[in-house]
Amino acid sequence: MAPFHAPYPAGPAAQVDVYTTWNKVWQCGGVGQCGTCIVEVKEGAELLSERTAVEKKKLSGKPESWRLACQTLVGDGEKSGAVTVATKPQ
Ligand code: FES
């Protein structure tokens with residue numbers, strides 16, 4: 001698992017490297033199409049932005065705790081705390 005700390009102001013969750021070597025090669029550049037950045041949020045979901053339309057489509061049928069790191073913002077400028085995620089959920 002990898003901890004994120006909510007930045008101020010809000011920023012992308014990609015401050016932790018969620019990709020393994022080959023996923024870096026195949027990743028889509030953050031447009032929400034490849035799914036290589038899927039993480040399972042273990043703690044701190046309340047600090048994250050709402051799922052984007054792209055996430056809703058890509059993660060349809062998947063647990064609500066799953067997010068695309070490339071689409072997720074951490075922090076809203078008012079709340080602070082830690083977010084913990086597991087990479088490559090099964
Ligand atoms: S980098 Fe491709 S879906 Fe996130």
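**Exercise 1. Layout of the chain**

Which pattern does the protein chain follow, read along the sequence?

Solution. Start with the ground rules. Residues are numbered from 1 along each chain as its sequence is written. The model is predicted: local features need pLDDT of at least 70, side-chain atom pairs count only at pLDDT 80 or more, and totals for chains, interfaces and linings use all residues. Helices (H or I, at least four residues) and strands (E, at least two) are DSSP runs, numbered from the N terminus. Count them: the protein chain has two helices and six strands. Now put them in order. The pattern reads β-β-α-β-α-β-β-β.

**Exercise 2. Confidence**

Find which element has the lowest mean pLDDT and which the highest.

Solution. pLDDT is the predictor's confidence in each residue, from 0 to 100. Take the whole chain to begin with. The average is 80, and 77% of the residues score at least 70. Then go element by element. Strand β2 (residues 11-12) has the lowest mean, 50. Helix α2 (residues 53-58) has the highest, 96. Next, look at residues 5-11. Their pLDDT stays under 50. The model still has 21 contacts beyond four places in sequence for this stretch. Two residues are in contact if their C-beta atoms, placed from the backbone, lie within 7 Å.

**Exercise 3. Burial and the core**

List the residues of the largest nonpolar core and say which element gives it the largest share.

Solution. Set the cut-offs. A residue is buried if 20 or more other C-beta atoms lie within 10 Å of its own, exposed if 12 or fewer, and partly exposed in between, with C-beta atoms placed from the backbone. Of the 90 residues of the protein chain, 24% count as buried. A nonpolar core is a set of buried Ala, Val, Leu, Ile, Met, Phe, Trp, Tyr and Cys residues joined through C-beta atoms within 7 Å. The largest one has 12 residues: C37, I38, V39, V41, L47, L48, L68, A69, C70, V74, V83 and V85. Strands β3 (38-43) and β6 (82-87) are the elements that give two or more residues to this core. The largest share, three residues, comes from β3.

**Exercise 4. The partners of β3**

Work out which residues stand opposite E40.

Solution. Two strands pair if DSSP finds at least two bridges between them. Take β4 (residues 66-68). Three bridges join this strand to β3, and the two run antiparallel. Here E40 stands opposite W66. Now take β6. Four bridges join β6 to β3, again antiparallel. On this side, E40 stands opposite A86.

**Exercise 5. Three residues outside the strands**

Place S80, S49 and K88, and classify each as buried, partly exposed or exposed.

Solution. Begin with S80. It lies in the loop between β5 (73-74) and β6. S80 is exposed, because 12 other C-beta atoms lie within 10 Å. The C-alpha atoms of S80 and E46 are 10.0 Å apart, although 34 residues separate them along the chain.

Move to S49, in the loop between β3 and α2. S49 has 16 C-beta neighbours inside 10 Å, so it counts as partly exposed. Leaving out residues up to four places away in sequence, S49 touches T72 and L73. From S49 to Q71 the C-alpha distance is 8.8 Å, across 22 residues in sequence.

Finish with K88, in the segment after β6. K88 is partly exposed, because 13 other C-beta atoms lie within 10 Å. Check the backbone too: K88 has a positive phi of about 50°, although it is not a glycine.
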